[in-house]
Amino acid sequence: MPDPSSNGFTSFYTPRSLRRKTLWLIKLRWFATTGMVFLLVAGANFLNNDFPLKYLFLTVSILGLTNLAYTITAKRIDPTSLKMEMIFVRIQIYLDLILLSILIHLTGGIANPFYLFYIFHVIIASTIFEEKYDPYCVTIFSVSVFTIMVWAESQGGITHYNLFGSSLSLLSILISIGVFYLTMFSSAYLGVTLMARHLKVKDIINRQNIELKKASQVKTNFFRFVSHELKAPIVAIQSSINVVLNLLGNDLDHKTADMLNRAKKRSTQMLNIIKDLLDISYDRQLGDSEQEKVIPGDFLMEFLENERPYAEEKEITIVENICVERSDLKLDKFILEKIFSNLLSNAIRYTHKGGVVNISTSLNDSHWSLTISDTGIGISPEDQKHIFDEFYRTKNAKQHVGVGTGLGLSIVKKLVDQLGGVIILDSELNKGTSVTIKIPIL
Amino acid sequence: MSKKIMIIDDDIDLVEAMRITLESAGFEVIDAQDGVKGLEILIAEKPDLLILDVMMDTQDEGFQLAYQLRSSDETRDIPILMVTAVGAQTGYSFDSAKDEAFLPVEEYIEKPINPQALIDAVKRNLPIA
């Protein structure tokens, strides 16, 4: 598990994965050390006496020894703490910078393009550290050390090894070109390594994505199956009750008819719960071209016509204020239907006889909004905290309407989330409720 | 002579509910519990109208049967009412106006059965004799 690092953010490293970075650094360092020893041995015969060979060998030896020390440390001590691993990496990078600076100083300072090697340290630091300030610290450290060194050399504070003279000697050309080649190839190596890692990560993500989609499909299929299996008996029960009530209705005594009506009501409730459960478990794959898209305002008008009888039954006035729609703005019909039906049925159900339900939409450059407000029973501030929770029903709501699943608003919330929108609830107990959804548009 | 209605549905309680409803409206009702048997009886009995369940043994056994009936000269003219408890939320969206082109049935009836709606739908789709 990634443990939080010192300043409290969650690292994408584990101690072990950060240790792998250390091992990579060690490998690179062995490569650099070997290369430099080889260059020094090969060049020793050509170099003039001005070349501080002794010091150069000493510095490269120290580099080799530090790397040996890192290797032993990495072998002996298991990576357990992320903080310790990070410190380990920092020690390596800053020590490398100091040794590089000494090498640059010994091989001619600013006269030698060897200072390009600082770049690799900055690149490596940028790929290892998670926090942005770390690579910049490495950069500031590098330029500071180099600037001080160059300044001190120019002021005569420390020796300037004048290896290149004023004219272009063969040696200076060879060194410059050698450093240039190394810079080029090392850059290519770093780039390729980073790309390979990037592709590997991408590959892992792709594969996990496919797995997730499969799992989601399995889940959806399961819910389809279960809902069918759950529905079938209830459907049979309700159909039977319907037959008795319809065909023998007049012959039944009042009590029998009443009990059958109760049974029918409860079976309807069960069917609604199954339907809601299915809605909430059903993940729409957004962007799927097969889904039907509709102009939200037009669809809302159409939808309202179907719902109007329920409002009229309760003598509730529906006031519409639907804005002019853009013909190119289309949203998923399935999602809109679920949102409309849940919000509207809530508004009608929880409003007293003779109340008013207001429906308005608006459209600006960034959002399509819908507000449904009612003069209903309202939601207390305490209940508002839980109103989007699954299966939550307020006491008030239970008293007002016996039958309900407590899933409606959580379904709406989930679907609005899927569209990247927001849902705003404004309610006062016994005064009414207003629900606004804002859906971002392209 | 009363019209003969055939019901193919694997839920015997639903079949019974529909039978009582239809018989009360003066129809003669025959039934079968699966597609294979249903087809046999259907060819032998030549009902005036077929009520067919969408999902029986498989998710779309009803559809398969409807296709089969529509592709045979013998059975092509029998009107089909399809009974379904499948709503839009399961991902199948049925709309007889829209799906008629590729789902050759006359009408869809939603479960649970509403007796009056069933009788009306049957009367509406019976061929005029």
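**Exercise 1. The sheet of chain B**

In this predicted model, work out the strand order of the open sheet in chain B and which strands stand at its edges.

*Solution.*
Step 1. Begin with the elements of chain B: there are five helices and five strands. From the N terminus on, they follow the pattern β-α-β-α-β-α-β-α-β-α.

Step 2. Now place the strands side by side. The five strands of chain B form an open sheet in the order β2-β1-β3-β4-β5, and the pairing is parallel.

Step 3. Look at the two ends of that order. β2 (28–32) and β5 (107–110) of chain B each have a single partner strand, so one side of each is left without a neighbour in the sheet.

Step 4. Add the twist, which averages 25° from one strand to the next.

Step 5. Zoom in on one pair. Strand β1 (residues 4–8) of chain B runs parallel to β2(B), and five bridges join them. Within this pair, B:K4 has B:E28 in β2(B) as its bridge partner.

**Exercise 2. Helices on the sheet**

Find which strands α1(B) touches and which strands α5(B) touches, and give the helix directions.

*Solution.*
Step 1. Take α1(B): this helix packs on the sheet and touches β1, β2 and β3 (49–53) of chain B. The direction of α1(B) makes about 165° with that of β2(B).

Step 2. Turn to α5(B), which also packs on the sheet, touching β1, β3, β4 (80–84) and β5 of chain B. Here the angle between the directions of α5(B) and β5(B) is about 170°.

**Exercise 3. One residue in the sheet**

Decide whether B:M82 is buried or exposed, and list what B:M82 touches.

*Solution.*
Step 1. Locate the residue: B:M82 belongs to strand β4 of chain B.

Step 2. Count the surroundings. A residue is buried if 20 or more other C-beta atoms lie within 10 Å of its own. B:M82 has 21 other C-beta atoms within 10 Å, so B:M82 is buried.

Step 3. List the contacts. Leaving out residues up to four places away in sequence, B:M82 touches B:L52, B:V54, B:G62, B:A66, B:V105 and B:Y108.

Step 4. Check one of these partners along the chain: B:G62 is 20 residues apart from B:M82, and their C-alpha atoms are separated by 7.9 Å.

**Exercise 4. The nonpolar cores**

Describe the largest nonpolar core and say which helix of chain A gives the most to it.

*Solution.*
Step 1. The largest nonpolar core has 70 residues, and B:I5, B:M18 and B:L52 have the most contacts inside it.

Step 2. Helix α6 (residues 170–248) of chain A gives the most to this core, with eight residues.

Step 3. Set this beside a second core. Another core of 24 residues lies apart from it, and its members include A:F88, A:L103, A:I104 and A:I124.

Step 4. Go back to B:I5 for a closer look. Neighbours within four places in sequence aside, its contacts include B:L22, B:F27, B:V29, B:L49, B:I51 and B:V122.

**Exercise 5. Where the chains meet**

Describe the side of chain B that touches chain A by its elements and residue classes.

*Solution.*
Step 1. Count the residues: 19 residues of chain B are in contact with 19 residues of chain A.

Step 2. Assign them to elements. α1 (12–24) and α5 (115–125) of chain B are the elements that give two or more residues to this side. α1(B) gives the most, with six residues.

Step 3. Sort by class: the residues on this side of chain B divide into nine nonpolar, seven polar and three charged.

**Exercise 6. Strand pairs in chain A**

Trace the partners of β7(A) and judge how far the model of chain A can be read.

*Solution.*
Step 1. Chain A has twelve helices and seven strands.

Step 2. β7 (residues 432–440) of chain A pairs with β5 (residues 367–374) of chain A in the antiparallel sense over seven bridges. In this pair, A:I372 stands opposite A:V435.

Step 3. β6 (residues 422–428) of chain A also pairs with β7(A) in the antiparallel sense, over seven bridges, and A:I423 stands opposite A:I437.

Step 4. Inspect the hairpin of β6(A) and β7(A): three residues lie between the strands, and A:N430 takes a positive phi near 65°.

Step 5. Finish with the confidence. The pLDDT of chain A averages 85, and 92% of the residues score at least 70. Over residues 1–8 of chain A, however, the pLDDT is below 50. Where pLDDT is low, the predicted coordinates should not be read in detail.

Note on methods
Residues numbered from 1 in each chain as written. Chains lettered and ligands numbered in written order. Predicted model: local features only at pLDDT ≥ 70, side-chain atom pairs only at ≥ 80, totals over all residues. pLDDT = per-residue confidence, 0-100. Contact = placed C-beta atoms within 7 Å. Core = buried A, V, L, I, M, F, W, Y, C linked by C-beta atoms within 7 Å. Buried ≥ 20, exposed ≤ 12 C-beta atoms within 10 Å, placed from the backbone. Helix = DSSP H or I, 4+ residues; strand = E, 2+ residues; numbered from the N terminus. Nonpolar A, V, L, I, M, F, W, Y, C, P; charged D, E, K, R; others polar. Pairing = 2+ DSSP bridges. Axes fitted to C-alpha atoms, helices over the stretch in contact; angles between N-to-C directions.
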